[in-house]
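The report below is meant for a reader who is meeting this structure for the first time. It goes through ring contacts, cysteines, helices and cores in turn.

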Amino acid sequence: MARKSVKDTIFGAEENSAATMDPEKLSRFQEIATRMFHTPQLTALERGMPAWAQVGRQISEQINNSYRTYYFITVLRIDMLYITLIQTVLGIYNSLVRPLMGIAYDRTRTRWGKARPYTMLAPVFYYAGTALLFSGRLFFDNDITDDPRKIVFVFLTMLMRDTVSLIYKIPTDNYTSLMSPNPSDRMSVGLWSEYSKRWSGDFISFMIIPVLDMARSGILPVPLGSVFAGFGIVSMFFGVGGNVLMAINCRERIILQPKPAAPYKAMFFILKNKYALREYIASFATAWFSKGGYSWDIVTQMEIMGGFLPATLFGIPKHITNFISLALVEPFKKLFGGSYKKTVIFMRSWDTLFALAPAFLGFMPSIIGSWWKLGVMHCFFEVLRVSNDAPANVMEGEISREISDYTEYVTGERPDGSIGLLTNLTYKLMDPINALMTIAVFRWSGYDPNIGANRRWNQSIVRENSTMYSRAYFLYQFGNIFNFAARIIVLAMYDLTGKRREEMYAALNERRAMVAKGDTMSEEMAAMLEMMAETGA
């Protein structure tokens with residue numbers, strides 16, 4: 001047998017994977033494999049449960065991603081330097097611990113499946129940590145920015161969340177791919193999840209700014225700390241309940257290779273998937289910015305646009321359009337001949353254009369100094385930008401699942417934990433840089449995060465500080481441009497389409513059927529194969 005070259009050893013397909021197995025050996029299962037690809041399997045309940053589980057996660061991520069730095073600086077009152085230090089320490093901790101957690105997930109094989117045990121247990125600790133973190137002001141009601149008790153509290157609660165976040169997120173992110181081999185099923189789950197994300201995400205976006213503005217100005221007799229605690233508790237209620245119900249009601253039908261590769265080997269399986277490797281490089285190249293780590297939407301809506309009432313009114317068309325975009329999934333798909341790649345490239349280019357235009361128009365003094373002019377302009381471009389959101393996210397989600405399936409195709413395994421932890425580690429290692437970026441953009445814009453604390457906003461302040469607020473609005477719009485551009489470049493090189501895609505799934509499903517026949521099958525896989533055989537009878 002000829003020795004494999006170094007290139008083939010590192011980047012080539014694994015022996016006994018679907019990509020390298022003898023076609024004649026696989027052909028015995030060709031008919032069943034074809035039906036697996038074309039026959040929907042999921043019940044209505046199984047399509048709906050992942051959508052319900054998305055509610056808590058969306059609320060948690062909205063608060064954590066968009067408002068966490070604002071919460072630390074303005075509400076809990078901790079100096080940004082301490083937050084930077086905490087994120088640096090946690091970045092080092094994550095780089096050491098997360099690989100072990102990812103490996104543990106990859107090697108999990110139970111009678112209940114691979115992802116279900118984690119989906120049942122991990123959310124309890126993850127969402128409890130979220131609720132506790134955002135309830136900090138209830139325990140430490142002071143404005144001492146270097147209070148050691150607050151610093152230790154934030155460190156321990158973030159440590160708790162970070163420890164369980166990977167073991168929660170990777171199983172839930174890959175649950176859909178394990179439920180069914182049928183693309184129609186997965187697109188259906190993706191669409192319902194998108195409905196859920198739109199409802200829960202838009203609800204938080206629509207509610208939190210008015211509530212924060214009324215609380216800080218005294219109209220609402222509730223402290224800001226209690227507002228954040230309330231959102232944290234709500235996310236825990238939906239997050240724990242939704243994920244547990246999903247684990248109970250949604251079956252895993254895809255049977256996996258019973259003996260996974262050694263951890264040191266699985267860690268490098270990303271090198272065998274050129275599509276995943278490109279996405280990882282793009283994520284690494286863009287993770288350093290992400291809006292400078294600050295909640296510029298709060299600045300835009302509560303200060304530049306004149307407070308919660310105008311911001312809410314100008315935001316209504318965007319939220320309505322967001323929901324309307326859910327009905328455009330199939331029309332956009334047909335417009336580009338069913339090509340996910342062409343559709344998403346067009347939509348990400350669309351997003352880039354309608355984020356750049358208002359970012360630069362905001363430098364005009366006549367616009368930034370007038371809340372209604374800025375509001376009308378902002379509303380117009382936001383409506384244009386979000387009109388393709390649902391189609392872009394649903395189709396981009398299916399592309400991501402296809403990329404994960406390609407890993408199984410070239411390796412014979414699904415090392416989602418090992419590969420997924422690299423992406424997660426990228427963002428965690430970039431947390432300290434994001435924190436430093438926050439300090440840098442404060443200096444560049446001249447913005448003081450305490451300028452609007454505990455007061456009703458006065459539009460004359462915006463006019464007097466037009467340069468500062470133009471830069472703040474620019475950051476709000478410009479923050480996602482790097483991600484959009486990187487995504488377009490990666491998609492332009494994506495060639496897992498047409499006949500190549502069909503051949504991959506034919507071989508992949510044939511191997512799945514072969515492995516299932518040769519091993520003790522799960523009840524779900526056995527039932528699916530039996531149904532396929534009856535269908536072909």
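Which residue lies over the face of Tyr 105? Lys 114 takes that place, at 4.3 Å from the ring centre. A charge counts as sitting over a ring if NZ of Lys or CZ of Arg is within 6 Å of the ring centre and within 35 degrees of the ring normal. Arg 471 lies likewise over the face of Trp 444, at 4.9 Å from the ring centre.

The model is predicted, with local features needing pLDDT of at least 70 and side-chain atom pairs counted only at pLDDT 80 or more, while totals for chains, interfaces and linings use all residues. Residues are numbered from 1 along each chain as its sequence is written, and side-chain values use heavy atoms, with hydrogens and water left out.

**Aromatic pairs**

The structure holds 29 aromatic pairs, where rings of Phe, Tyr and Trp (its six-membered ring) pair if their centres lie within 6.5 Å, and planes under 30 degrees apart count as stacked, over 60 as edge-to-face and the rest as tilted. Two of them are set out here.

| Pair | Type | Centre to centre | Angle between planes |
|---|---|---|---|
| Phe 336 and Phe 346 | tilted | 5.3 Å | 45° |
| Trp 350 and Phe 354 | edge-to-face | 5.6 Å | 70° |

Phe 336 lies in the loop between α15 (329–335) and α16 (340–361), and Phe 346 lies in helix α16, so their pair ties together parts that are 10 residues apart in sequence. Helices (H or I, at least four residues) are DSSP runs, numbered from the N terminus. Trp 350 and Phe 354, by contrast, are four residues apart in helix α16 and are therefore separated by about one helical turn.

Buried means under 20% relative accessible area, exposed over 50%, and partly exposed in between (1.4 Å probe, protein chains only). Phe 336 is partly exposed at 23%, as are Phe 346 at 33% and Trp 350 at 24%, whereas Phe 354 is buried at 16%. Ring pairs link these four residues with Phe 380 and Phe 381 into a cluster.

**Cysteines**

A search of the whole structure finds zero disulfides, a disulfide being a pair of cysteine sulfur atoms within 2.5 Å. Cys 250 is buried, with a relative accessible area of 0%, and Cys 379 is buried at 14%.

**Two helices**

The expected span of a helix is 1.5 Å times one less than its number of residues. Helix α16 has 22 residues and reaches 32 Å from its first C-alpha to its last, close to the 32 Å expected; its buried residues include Tyr 340, Met 347, Arg 348 and Asp 351. For the 23 residues of helix α19 (residues 389–411) the expected span is 33 Å, which agrees with the 33 Å between its end C-alpha atoms. Helix α19 is mostly covered, with 20 of its 23 residues buried, and just after α19, Gly 412 takes a positive phi of about 80°.

**Nonpolar cores**

A nonpolar core is a set of buried Ala, Val, Leu, Ile, Met, Phe, Trp, Tyr and Cys residues joined through side-chain atoms within 4.5 Å. The largest has 61 residues, and those with the most contacts inside it are Val 154, Leu 212, Phe 228 and Trp 296. Helix α4 (residues 44–75) gives the most to this core, with nine residues. Apart from this core lies another, of 39 residues, among them Ile 32, Ala 266, Ala 390 and Leu 491.

Technical notes
Helix = DSSP H or I, 4+ residues; strand = E, 2+ residues; numbered from the N terminus.
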